[in-house]
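Here are a few exercises to work through with the model open on your screen. Try each task before you read its solution.

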Amino acid sequence: MTLQTKQEEKINEEWEPKIIAFLCNWCSYAGADLAGVSRIQYPPTIRVVRVPCSGRVNPYFIIKSLMDGWDGVVVSGCHPGDCHYLTGNLVARRRFAILKELLEFFGIEPGRVNFMWASAAEGERFATLIKKATKIVKNLGPNKKFEKKW
Amino acid sequence: MEKVGAVMVIGAGIGGSQASLDLADSGYKVYLIESSTSIGGVMAQLDKTFPTNDCAMCIVSPKLVETGRHQNIDLSINCKILDVSGEAGNFNIKVLKKTLYINPEKCTGCGVCGQECPVEAIDIFNEGLAKYAATSVKYPQAVPLVYAINKDYCIGCGICQGVCKAKAVEYDREDEEVDINVGAIILAPGFDEYIPPEANLYGYGKYKNVVTSIEFERILSASGPYAGRVLRPSDGDIPEKLAFLQCIGSRDYTGNGQPYCSSVCCMYTAKEAVIAHEHMHQIKPTIFSMDVRAYGKDFDKYIIRAQEEYGVQYIRSRISSIKEVPETKDLRIKYETEDGKVMEEDFNMVVLAVGLNPPNDNVFLAEKFGIELNEFGFAKTDKFNPVQTSRSGIYACGAFSSPKDIPDTVTQASAAAGCVNQLLYEKRGTLITEKTLPPEIYVNGQPPRIGVFICHCGINIGGYVDVPDVTKYATTLPNVVMADRNLYTCSADTQTIIKDKVKEFHLNRVIVASCTPRTHEPLFQETIREAGLNRYLFQMANIRDQCSWVHMNEPEKATEKAKDLVRMAVNKAREIEPIERIKLPVTPKALVVGGGISGMVAALNFASQEFETFLVEKQEELGGFARHIYHTLEGGDVQEFLTDLIKKVQSNKFIHAYTDAEIENIDGYIGNFKSSVIHGKKKERTEFEHGVVIVATGAKEYHPKEYLYGNNGNVILQSEFEEMLNNDKATNKKSVVMIQCVGSRNDEHPYCSKMCCAEAIKNALLAKEKNPDLEITVLFRDIRTYGFKEKYYREAREKGVIFLQYDEDNPPEVIPEDSRLRIEVSTPRKEKIYINSDLLVLSAGIYANREENEDLAKMLKVPLNDDNFFLEAHVKLRPVDFATEGVFVAGLAHCPKTIEDSIAQANAAVSRACTILSKDEIEAEGKTAMVIPERCTGCGMCVENCAYSAIELIDDRRFGRVAQINQALCKGCGACSGNCRCAAIDVLGFSGEQIFAMITGRC
């Protein structure tokens, strides 16, 4: 193994991705709070943006995040059927099904953008999902598709 | 004596909280008195709720926070009632406020004292399954979040006093006695669960793996002793074979338990079985039951789902013995199957579905408040008004008057508040405080001047995140003119500091980096509003719940994350602008659709508070369904009650009753509806305005096609039989057979009609009374005489009424024989029984008026359920509200129910409506969507996506076809904006610019 690859490997080991997380106010944000109250530990990779509903998340927010150099994106809402706004998460689900295909077409690795559901009662689940998302993004490495702006 | 515009509510469970909120929102001062140290009662202990599997904590906690901080609810915990005097309209109550040894005004609920406390005390909340410190809150989300020292365990070491940075620990704090003057009292002390006595048949207390259902509820809970994993207490193994035993302490005539049915156990057992399987798929639950009493709305569907989707097995049997297998700690259950075989089976764990007893202090409460108890020790209530106790001015709600579930409790809580409204309406608004606020500082167009307050939260944040470093970093960010750090940003003194800094630095944006906006945003918003800033010029960075608490082992990375979160908040703050809350005027008039009992009770309640009411009935006569009912099972004279009600409605000058009437149109929204009615023989048209709508359109009796009904004169309906009996036309009969569940609980109508069992037993008892020699046989699937109705079921059996079970797949056959009928039944023991009968009485189900309901639902923009009954806003906590504000539901239009329940629901709907009608104008949340018309192409995608029908396409003079938002209907979810391809819709408070600012600009 050359010195260079060794160094690269070391960087990869230490490297922590930066993931932006859009959480709906009523379920997932509350679930994230519950993870805190219950002191369930997860990697410090996410930065949370609170939105009223996963339906609020415009696909452009996700594209813009990737363009700005975030290594990963998480969008989390209420479980289907439980939306505080009746159908917002269903609208979101349909929208993101299409976006996922578009992103693949762009050449963005599928694991960079993760959609998930976590209820206000699921602190443990929230932490698990973040661990999972972190692992996936970490394996993909830094987001090099777009030039970082900072 | 002069009436007083204040109300005392005893007990701060979900019932007491709901009653308090209704009353405080309708202009009364409320004193909420709780005997334990936090509010929420039993519901806060539950993991999930049936029939939706909704998380109990998530749905109850916002209600509790609202109760805790409402400026007209005076909440006192750890209290005892000393004395009650006075009369309806003016009571004096002496209350003892027992000390917590911690000053609730200073305590911030940070929890450091609890962590440092060296002595462990049993924690009540986890039902003895986990241990906590002597200084404790009942649970992490407790309201009020104040710690209490348990003196029984405290050793007085003083550590907690030393570590408390807020100086809230006061060992010498004493009890306090206060006198409270109110106009009415609502009793909502709840229930106590049945605890099996020491030497019980089920080995509870002796065998470790036998637990009660409420203990099992804590085992299921994520905040419970095993963090949501289903494990058995003896060894922490997963109980793959899990047995539930029903009716523990209920329907028990042996003297060990209570003779009545506890009403809720069948459903909560099904729920616990489903959740256990959901948590751990290897668990196979078995439920041993007598009758499965799933009588409520959508309950039967839940039972079917439990069996079909979750593999829950039901065995109809009361077990004969239970023994522990010493080697495995498994439990060997002996039982007899339906076809008479004796079986023995081992289970890993057994859950006892314990019944509901009256609260342990029922006699004390009855004596203090001077009210009567019934034969079972519950509060005795009026035959027709289930919240009226034996003493005028004192009302009871929830499980204190009979065992009941959460929606019934919430309904009764609102109903009690509705009755208080009737009593005290003249004094509304006399004792409440309204806040006076300074005028808002004009900030539009000014460069942002941001102030950042970073919280140490004791050691909760400061112990893991380098707060001074984050503060220093904050000052380097553009537009930040000051950054400060505080020990507790939420404490009263910091609020003063924030207000001073706003003035000193001319701040026009404020950021607090601390805990979660879900609990604390309103507090800080109120603070900056008091300082003269618009309350939306505020942002929060969550650096505790979502940072310091979840990265406790990585302080450096946590600090880095906290900096990022603060920067994102600053970036957003730069873009935020003041938002006006929308004010809507209110027309203080009501429309009640339907002139049955529910509709008339509601109309009379409104009218007695001098609200003009329009009552619309499609029939020529008032009275509805109840016109064909003579008595209730409990002996109430329905006809007398109804006649009296109609007379009162017709003579009341505040009620305009339209009969033979049809609603032509309903337009508008909360506070401002406009409707038109076509009524009378001449089809006159009347138009009127109103602020609220109550839907009480009732339902109809099923007209059976089965069992020769309509073809044979000897086959009649239960309602026809009742008429015969009351007119003495059935005296010549020798044998009568009744068939239950005709048109209910089948594929087409998969719900229980709730009242048929009680009706059948009522008629059977009356027939027996008139002719004791009459042979009566009732063919049933499950007898659902829930609650105290069980008493009459027993009485009927004692009087010789024969009850025979039949199976859904094997219904009875009716063969006409001369002038009689021959009825064949297959029993569960696979025997065929033949009965010769003079008369066959069918218990026909209750059906929704489908077409009528559909029309009305469309006009009101409210939903129907699969069975065409109206669907409420939330099946547990908003049982009379619709998601559409200003519209409420009562009576059979909601689902099949008894007359008493309909009356309670009608009064509840009035109470909910009064929270609107009592105000001149109402404020709606300002965070709504708005259209940028120059960008809008009028494609209509937003109209499609809006769940609230708040968007329509209009033809604008300048921009052509564009979307327009009705701000009164918009809830601000943003589904429209998320979908807008032209970025022509934005959501105030969560605008695209603001979110982009958070995503970008990592300077």
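**Exercise 1. A salt bridge across the chains**

Is Lys557(B) buried or exposed, or something in between? Work that out, then find its partner in chain A and say what the pair joins.

*Solution.* Keep in mind that this is a predicted model.

- Start with accessibility: Lys557(B) has a relative accessible area of 32%, so it counts as partly exposed, since buried would need under 20% and exposed over 50%.
- Now the partner. Lys557(B) makes a salt bridge with Glu16(A), with the closest N and O atoms 3.5 Å apart.
- Place the two ends. Glu16(A) sits in the loop between helix H1 (3-14) and E1 of chain A, while Lys557(B) belongs to helix H14 (residues 555-575) of chain B, so this pair joins two chains.
- Check the other end too: Glu16(A) is partly exposed, at 26%.

**Exercise 2. Sizing up the interface**

How many salt bridges are there between chain A and chain B, and what else describes this interface?

*Solution.*

- Count the salt bridges: there are seven between chain A and chain B. One of them pairs Asp564(B) with Lys18(A), again with closest N and O atoms 3.5 Å apart.
- Count residues: 47 from chain A are in contact with 50 from chain B.
- Look at area: the two chains bury about 4200 Å² between them, and 59% of that is on carbon and sulfur atoms. Arg39(A), Arg50(A) and Arg56(A) supply 15% of the area chain A buries against chain B, more than any other three residues.
- Add polar contacts: 24 residue pairs between the chains are in polar contact. On the chain A side, H2(A) gives the most, with eight residues.
- Sort that side by class: 29 nonpolar, eight polar and ten charged residues.

**Exercise 3. Long-range ties within chain B**

Which parts of chain B does the pair Arg745(B) and Asp300(B) tie together?

*Solution.*

- First the bond: the side chains of Arg745(B) and Asp300(B) meet in a salt bridge, 3.4 Å from N to O.
- Arg745(B) lies in the loop between strand E39 (735-742) and helix H18 (756-770), and Asp300(B) lies in helix H7 (residues 299-308), so the pair ties together parts 445 residues apart in sequence.
- Both residues are buried.
- Widen the view: salt bridges with shared partners put Arg745(B) and Asp300(B) in one network whose members include Arg251(B) and Glu790(B).
- Arg251(B) and Glu790(B) form a salt bridge of their own, 3.0 Å from N to O, and link parts of the chain 539 residues apart. Both are buried.

Conventions:
Residues are numbered from 1 along each chain as its sequence is written. Chains are lettered from A and ligands numbered from 1 in the order in which they are written. This is a predicted model: local features need pLDDT of at least 70, side-chain atom pairs count only at pLDDT 80 or more; totals for chains, interfaces and linings use all residues. Side-chain values use heavy atoms; hydrogens and water are left out. Contact means heavy atoms within 4.5 Å. Buried area is the accessible area (1.4 Å probe) that two parts lose on being put together, summed over both. A salt bridge is a side-chain nitrogen of Lys or Arg within 4 Å of a carboxyl oxygen of Asp or Glu. A polar contact is a pair of N or O atoms within 3.5 Å; within protein, one must be able to donate a hydrogen and the other to accept it, and residues adjacent in sequence count only if both atoms are side-chain atoms. Helices (H or I, at least four residues) and strands (E, at least two) are DSSP runs, numbered from the N terminus. Ala, Val, Leu, Ile, Met, Phe, Trp, Tyr, Cys and Pro count as nonpolar, Asp, Glu, Lys and Arg as charged, and the others, Gly among them, as polar. Buried means under 20% relative accessible area, exposed over 50%, partly exposed in between (1.4 Å probe, protein chains only).
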